[in-house]
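Please look over the sequence and the model shown below. A short report on selected residues and aromatic rings comes after them.

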Amino acid sequence: HSNLTGSLIEQLLIIIRQMGFGGIWTIPRESIVKPKYEKSGYEPDIIVLNKKVLGAEPRWESESIIQNPNSVKLIVEVVSSNWRDDYYNKLRDYEEMGIEEYWILDYAALGARKFIGNPKQPTIFVCNLVDGEYQMTPFTGDMTVVSPTFPEFNLSAPHSRFLIWLDDLIFNYLSDVAKFPVPYHTHDQPGKRNGSKMQYKSHTRGFGSVRQQLKIHNEHPGHP
């Protein structure tokens with residue numbers, strides 16, 4: 001979880017600089033997003049803040065608390081075993097607060113089938129606030145991830161650098177959490193990881209290889 005989050009932060013910081021918002025948009029190490037009428041709040045996995053309006057946050061300097069939706073450009077939650085928090089509680093509260101964009105990264109396919117399909121498959125949801133309500137757009141397989149806040153992620157080629165990076169994130173996450181080896185290959189030559197080999201066949205990656213391994217692992221738990 002932490003490795004995946006760290007890798008995504010690195011990519012977002014690169015995109016922020018490329019968009020010309022370096023020094024204006026920031027990703028703090030710690031912050032608490034507090035809905036107006038709640039006693040407690042959430043500590044997002046990733047939050048992108050607009051430093052230009054942080055001065056309007058009365059509790060930011062002393063407590064790192066965010067209450068103004070205008071301070072937030074993006075919130076990202078990486079789904080773990082308590083997946084209902086991300087799909088229900090946080091989605092509801094972020095929507096009510098007016099957070100303009102919220103990503104749900106369900107790499108391990110932990111959410112309910114009504115969200116991620118049957119059979120389950122790794123899914124990214126980009127939730128955009130439209131007329132006060134989140135419009136949830138799912139992205140699976142080799143689909144292009146489109147973000148209004150980060151248009152640099154709007155890549156059309158299935159072999160784009162983003163999807164290459166995305167598959168690497170999924171590999172690292174599932175290797176850590178699911179504890180089973182996933183065959184891996186580079187884009188230049190055959191490679192090794194966890195003792196497995198895979199011949200180089202195509203530039204196209206995305207979720208496909210990991211989804212295959214999830215299916216094999218679920219049907220044959222002892223399969224290498």
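The text below covers two loop residues and then the aromatic pairs.

This is a predicted model, in which local features need pLDDT of at least 70 and side-chain atom pairs count only at pLDDT 80 or more, while totals for chains, interfaces and linings use all residues. Residues are numbered from 1 along each chain as its sequence is written, and side-chain values use heavy atoms, with hydrogens and water left out.

Helices (H or I, at least four residues) and strands (E, at least two) are DSSP runs, numbered from the N terminus. Lys34 sits in the loop between strand 2 (32–33) and strand 3 (46–50). Buried means under 20% relative accessible area, exposed over 50%, and partly exposed in between (1.4 Å probe, protein chains only). Lys34 counts as buried because its relative accessibility is 12%. Phe21, in the loop between helix 1 (2–18) and strand 1 (25–26), is partly exposed at 29% relative accessibility.

Rings of Phe, Tyr and Trp (its six-membered ring) pair if their centres lie within 6.5 Å; planes under 30 degrees apart count as stacked, over 60 as edge-to-face and the rest as tilted. By this rule there are 11 aromatic pairs, among them the two tabulated here.

| Pair | Centre to centre | Between planes | Type |
|---|---|---|---|
| Trp83 and Tyr87 | 6.0 Å | 75 degrees | edge-to-face |
| Tyr102 and Tyr134 | 6.2 Å | 40 degrees | tilted |

Tyr102 in strand 6 (residues 101–106) and Tyr134 in strand 8 (residues 133–139) are 32 residues apart, so this pair links distant parts of the chain. Trp83 and Tyr87 are both buried.
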